[in-house]
Amino acid sequence: MIKHFSSLVTLALAAPLALAQVSTWVPDKAHSEVDFTILHMSLSNVRGHFGNIGGTIVWNEGDITKSTVNVTIDMTTVDTGVAPRDADLKSANFFDVAQFPTASFVSTSVAKIKNGLAVSGNLTLHGVTKPVVLQVEGPRGPVPGMDKKPHSGFSATTTLSRTAFGIAATYPAAVVGDEVKLTIDLDVAKQ
């Protein structure tokens with residue numbers, strides 16, 4: 001009976017520790033963004049970014065491969081530094097933000113790789129969902145933030161085809177490149 005009681009006490013004490021290994025983190029909107037680079041007229045790269053990144057990362061501190069990512073991107077925040085171009089990007093010619101104001105990424109798996117993580121998931125952009133793989137550096141930190149919460153950082157990259165998502169399908173690649181390079185920088189705060 002003492003042995004049985006000892007086992008129950010051990011299980012009771014271990015249960016909160018197991019639960020403590022999973023935590024929820026959200027993007028710090030002031031320090032998170034998605035940057036893009038695309039070739040224009042086969043001559044030069046145009047760069048821009050999106051802000052107002054939302055969502056959650058459920059981080060399994062005991063086994064990061066059991067973590068999940070669910071992130072949203074506010075497409076109305078597109079900014080290339082040229083107001084007329086930004087207005088065109090928001091129009092039905094490109095992102096059609098009136099109909100598709102957000103994009104989202106939902107992970108399907110997380111794997112450890114040599115220099116970080118490979119996060120596979122589904123990207124929904126312009127009403128089209130396609131699988132993508134993010135090459136992720138991090139986590140960096142955690143460090144205490146100004147909000148008195150622990151903060152960690154991640155950087156991720158991927159390349160996608162704009163035409164696969166139905167974006168600017170009438171523009172040939174010689175005018176607007178088909179390959180879009182994305183860089184995602186997240187500062188996330190523990191909740």
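A salt bridge is a side-chain nitrogen of Lys or Arg within 4 Å of a carboxyl oxygen of Asp or Glu. That definition serves the opening stop of this tour, which is made on a predicted model.

Select Asp74, which is found in strand β5, residues 68-74. Asp74 is buried and yet has no salt bridge. Display Lys29 as well: this is the nearest side chain of opposite charge, and it is 7.5 Å away.

Which side chains make polar contacts with Asp74? Select Asn52, whose side chain is joined to that of Asp74 by a polar contact of 2.9 Å. Then add Thr76, where the side-chain contact with Asp74 is 2.5 Å. Leaving aside residues up to four places away in sequence, Asp74 touches Phe50, Gly51, Asn52 and Pro101.

The next stops concern aromatic rings, of which the structure holds five pairs. Select Trp25 and Trp59. Their ring centres are 4.7 Å apart and their planes stand at 50 degrees, so the pair is tilted. Trp25 belongs to strand β1 (residues 22-27) and Trp59 to strand β4 (residues 53-60), and the pair links parts of the chain 34 residues apart. Trp25 counts as buried because its relative accessibility is 3%; Trp59, at 10%, counts as buried too.

Return to Phe50, one of the residues that Asp74 touches, and select Phe95 with it. The centres of these two rings are 5.6 Å apart and their planes are at 75 degrees, so the pair is edge-to-face. Phe50 lies in strand β3 (residues 44-50), whereas Phe95 lies in the loop between α2 (83-90) and β6 (102-113). Both Phe50 and Phe95 are buried.

Finally, add Phe154 to the selection of Trp25 and Trp59: these three residues form one aromatic cluster.

Conventions. Residues numbered from 1 in each chain as written. Predicted model: local features only at pLDDT ≥ 70, side-chain atom pairs only at ≥ 80, totals over all residues. Heavy atoms only, no water. Helix = DSSP H or I, 4+ residues; strand = E, 2+ residues; numbered from the N terminus. Buried < 20%, exposed > 50% of the residue type's maximum accessible area, 1.4 Å probe, protein only. Lys, Arg positive; Asp, Glu negative; His and termini not counted. Polar contact = N/O pair within 3.5 Å; in protein donor to acceptor, adjacent residues only side chain to side chain. Contact = heavy atoms within 4.5 Å. Phe/Tyr/Trp six-rings, centres within 6.5 Å; stacked < 30°, edge-to-face > 60°.
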